[in-house]
Amino acid sequence: HTYMSVFSYRTLKGRFVAGSLSRNGLFALGQSLVASVCLFLAYRLVISEVGLERFGVWSLLLASSAFARVGDVSGGGSLARFVATALKEDQDRVSEVIHTVVLSSLIFNGILGCIFWLAASYVLPMFIASSHLAEAYTLMPYVVASIVVGPVAIAVTSGIDGTQRADQRALITIASSVIFLVACALLVPRVGVLGFGAAQIAQQATMLTLGWIVLRRHIFDLGWLPLRWRGEAFAETTGFAMKMNAIGLVALLFDPLAKFGFNHSGGPGLVALYDLASKLVLQMRGLAVSTATPLVPAFAARMNATDPIFQMMLERVTRIMAVAAVGTAVATLAGAPIMSIAVLGRISSDLLSMNAMLTAGWSINMLAVPIYFAAQGFGVLRWNFLSQVAIALSVPVGVFIAEPVVGPFGVICSIVLGLILSTIVVLLGNAHAFGVTDAMKRLLRETLGASVAIAVACSIAFIIVAALGGN
């Protein structure tokens, strides 16, 4: 009787957790779709109003600020993990952790914003044409505001994820995306690209305000302003943030390295083809991966690999991700000819071939997403870091070893092999680190089956493109 009671409790609890994850995942997918549509429409609006070059100035400034954010070690992006663990272990610490991270984010990013502002007069002339420098200086206040407000907004919405209510975070992000689009429609025709910058600040301010209001509903003693900074919480969150930033920095290197590699092998034309092919693959992959982001706080709330609920979650989401990986691969392969016609005005066999190979690598890499997020939730990051190193190193290996032997084709082959190696590193390394090798063995059929299906689909697409030929 006692055994049946425990079994029933675990079954009901497992169903509750699975239901919460399904709800959160669906809302995360909806958020990703709405945000992408709003961003696309806003881009069309601003480009049609001010042109590519003037909008490119804003894009360059914002890209530069992204490098500055690597120095943000406040732990804002990882707040979900700490809220989830604090709610489980010591609920009295939750508000202190949130206050500490938000205040730290304000301080760190405030300093970064000041440095960016002071360095602008020296740095901007190095990579912005003199004809656009005046406008770049005009945009600087909006860039600095984005450096400060954006990470704080991300921290607050990440805190909502930690309460296992990613659905509410998704609704906030959707609302802020709509406000961003409306603000663009009102401001860009009047003040040009400045209106786009102001609309982005309005979006971030909306996320911050609504996020804090919602977070107060879950954390009873949070208050209206962050006031309590604690050294212990700072040391814990900052230590974890530094590890995450190391992973982020290595991941950040991959795209520039890849573009340099293709430029070295085939010139700017090949770089443009790679950029188009990878954007389609990563956008499609991102839709599927976004549904899994609520896993990080859900796993963090378990913090015990022997917990049967954790193992049930891991097995279930890995099986779902295997199906999603195959579906994403097929959808990406089907969308590639449409993108080629829409962007290039023709079917490019080079673009479709590159797309097929990248689709194989990134889709197989999706199979490791659940246990990758589990590692983030548990705070065990060494195998995640090594997986990013494997991807980054695949580019120089392709350029200096494979390309001299088989030409530009060798670079893309090396990247695909790097992505597959990265998947193996995450799956085997984390499974051993958590002691869940038995669970991963039970998933072997699904992961291998999905890998074979993706490889076959991409091979068929590649063969068809090669048979049809063309440019």
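1. Ser177 is buried in this predicted model, with a relative accessible area of 3%. The value falls under the 20% limit for a buried residue, and therefore the assignment follows directly from the computed area of Ser177. The residue belongs to helix 6, which covers residues 166–191.

2. Leaving aside residues up to four places away in sequence, the contacts of Ser177 are with Ala35, Cys38 and Gln203.

3. Cys38 also enters the description of the cysteines. With a disulfide taken as a pair of cysteine sulfur atoms within 2.5 Å, the count of disulfides is zero. Cys184 is accordingly in no disulfide, and the nearest cysteine sulfur to it belongs to Cys38, at 9.7 Å.

4. Is Cys184 buried or exposed? Cys184 counts as buried because its relative accessibility is 0%. For Cys413, the relative accessible area is 22%, and this residue is therefore classed as partly exposed; the class lies between the buried limit of 20% and the exposed limit of 50%.

5. Regarding the fold as a whole, the protein chain contains 17 helices and zero strands. Of contacts between residues at least 6 apart in sequence, 83% join residues at least 24 apart.

6. The remaining points concern burial and surface. The protein chain has 471 residues, of which 49% are buried; Ser177, at 3% relative accessible area, is one of the buried residues. The exposed area of the protein chain is about 21400 Å², and 70% of that area is supplied by carbon and sulfur atoms.

Definitions and conventions: Residues are numbered from 1 along each chain as its sequence is written. This is a predicted model: local features need pLDDT of at least 70, side-chain atom pairs count only at pLDDT 80 or more; totals for chains, interfaces and linings use all residues. Side-chain values use heavy atoms; hydrogens and water are left out. Helices (H or I, at least four residues) and strands (E, at least two) are DSSP runs, numbered from the N terminus. Buried means under 20% relative accessible area, exposed over 50%, partly exposed in between (1.4 Å probe, protein chains only). Contact means heavy atoms within 4.5 Å. Accessible areas come from the Shrake-Rupley method with a 1.4 Å probe; for residues, only the protein chains shown count as cover.
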